[in-house]
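Subject: A structure for you to look at

Hello,

I am handing over the structure we talked about, and my notes follow it. Please open it next to this email and read along.

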Amino acid sequence: MRKIITIGREFGAGGGEIGKRIAKELGIEYYDKDIIFKTVMAAQNLSPEQVHRWDERVPKNFGFTQSLFDFYNKPLEEELWQAQRDAIRELANKESCVIVGRNGDYILREFDHCLNVFIHAGFQWRVKRMTGMMDGKSEEQVAGDVKAVDKARKKYCEYYTKCTYGDARNYDLTLNTEKLGIDKAVELILKAAEGI
């Protein structure tokens with residue numbers, strides 16, 4: 001039976017690292033930015049540059065102007081969302097894997113063999129952790145990056161899913177890495193994954 005683990009995360013909380021470790025422990029594939037390239041292949045009219053530009057971002061000019069002047073053409077951001085959604089579903093239908101980000105929990109909400117996890121931590125802890133990982137950036141610059149990425153992910157989630165970003169009701173398991181640490185989070189997810 002396939003096992004799918006989706007990991008939503010706050011920037012700097014360790015979701016990517018946790019996802020990689022879970023995939024390695026279970027001997028299954030790990031997808032994060034890789035999904036972007038699968039998306040490009042699924043939607044052949046999108047270039048890798050276009051996909052990178054709109055990855056986990058909300059369209060800025062969608063609305064009245066779009067619907068009035070370009071009713072029959074989906075904006076690029078909408079094409080990307082649909083292509084990414086299709087790529088995630090295709091992966092989940094064919095293999096066991098860990099999928100980090102991109103609203104995988106929402107996209108795969110009807111999949112029974114799926115464990116949806118959200119990784120979070122306190123803001124200052126995340127800033128300190130990321131400052132240690134980003135050479136040459138001041139703590140103030142990193143704090144700005146953390147805020148900006150969190151804001152973009154929140155808007156992206158709410159725009160495409162109509163769900164509240166990070167709401168525990170959308171997940172099977174939420175873990176605070178500031179309190180638990182990365183190792184314990186990995187251990188708890190592996191234990192929870194035994195039941196799917």
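Strands β4 (residues 114-120) and β5 run parallel and are joined by 4 bridges. Please keep in mind that this is a predicted model. Two of the residue pairings are easy to find: Val117 has Leu173 of β5 as its bridge partner, and His120 is partnered in β5 by Asn176.

On β4 there is also the pairing with β1 to look at: 6 bridges join these two strands, which again run parallel. Here Ile4 stands opposite Cys114 of β4. How many of the 7 residues of β4 are buried? The count is 6, so β4 is largely enclosed by the rest of the structure.

Now for the whole sheet. It is open, has 5 strands with parallel pairing, and its order is β2-β3-β1-β4-β5. Because β2 (29-31) and β5 (173-176) stand at the edges with a single partner strand each, one side of each has no neighbour in the sheet. From one strand to the next, the twist averages 20°. Helix α10 packs on this sheet and touches β1 (4-9), β4 and β5, and the direction of α10 makes about 170° with that of β5. If you follow any of the strands by eye, it may help to recall that in a regular strand the side chains alternate between the two faces of the sheet.

Next, helix α1. With 12 residues at 1.5 Å a residue, α1 should span 16 Å, and its end C-alpha atoms are indeed 16 Å apart, so the two agree. Which residues of α1 are buried? They are Gly15, Ile18, Gly19, Ile22 and Ala23. Seen down the axis of α1, these buried residues fall within an arc of 130°, so they line one face of the helix. The spacing is easier to follow with a general point in mind: an α-helix has 3.6 residues a turn, so residues three or four places apart point the same way. On the face of α1 turned away from its buried side you will find the exposed residues Lys20, Lys24 and Glu25. The elements that cover the buried residues of α1 include β1, β2, β3 (97-100), β4, α9 (177-180) and α10. Just after α1 comes Gly27, which has a positive phi, near 65°.

Helix α7 (residues 123-133) can be read in a similar way. Its buried residues are Arg126, Val127, Arg129 and Met130. Viewed down the axis of α7, they fall within an arc of 165°, so they line one face of the helix. The exposed residues Gln124, Lys128 and Gly132 are carried by the face of α7 turned away from its buried side. What do the buried residues of α7 pack against? Their partners are α1 (15-26), α8 (139-161) and α10 (182-193).

Then there are the aromatic rings, where the count comes to 6 aromatic pairs. One of them is edge-to-face: Trp81 and Tyr156, at 5.9 Å centre to centre and with 80° between the planes. This pair links distant parts of the chain, as Trp81 sits in helix α5 (residues 76-94) and Tyr156 in helix α8, 75 residues apart. Trp81 is buried, with a relative accessible area of 9%, and Tyr156 is buried too, at 3%.

Another pair is tilted: Phe118 and Tyr171 are 5.1 Å apart centre to centre, with 40° between the planes. It too links distant parts of the chain, with Phe118 in strand β4 and Tyr171 in the loop between α8 and β5, 53 residues apart. Is Phe118 buried or exposed? Phe118 is buried, with a relative accessible area of 3%, and Tyr171 counts as buried at 11% relative accessibility. Back at Trp81, there is also a cluster to look for: Trp81, Tyr156, Tyr159 and Tyr160 form one aromatic cluster.

Last, a glycine. Gly101 lies in the loop between β3 and α6 (104-107). Gly101 is buried, with a relative accessible area of 6%. Its C-alpha atom is separated by 6.7 Å from that of Asp32, and these two residues are 69 residues apart along the chain.

Enjoy exploring it!

Best wishes

Definitions and conventions. Residues are numbered from 1 along each chain as its sequence is written. This is a predicted model: local features need pLDDT of at least 70, side-chain atom pairs count only at pLDDT 80 or more; totals for chains, interfaces and linings use all residues. Side-chain values use heavy atoms; hydrogens and water are left out. Buried means under 20% relative accessible area, exposed over 50%, partly exposed in between (1.4 Å probe, protein chains only). The arc is that of the directions from the helix axis to the C-beta atoms. Contact means heavy atoms within 4.5 Å. Two strands pair if DSSP finds at least two bridges between them. Axes are lines fitted to C-alpha atoms, for helices over the stretch in contact, and angles run from 0 to 180 degrees between N-to-C directions. The expected span of a helix is 1.5 Å times one less than its number of residues. Rings of Phe, Tyr and Trp (its six-membered ring) pair if their centres lie within 6.5 Å; planes under 30 degrees apart count as stacked, over 60 as edge-to-face and the rest as tilted.
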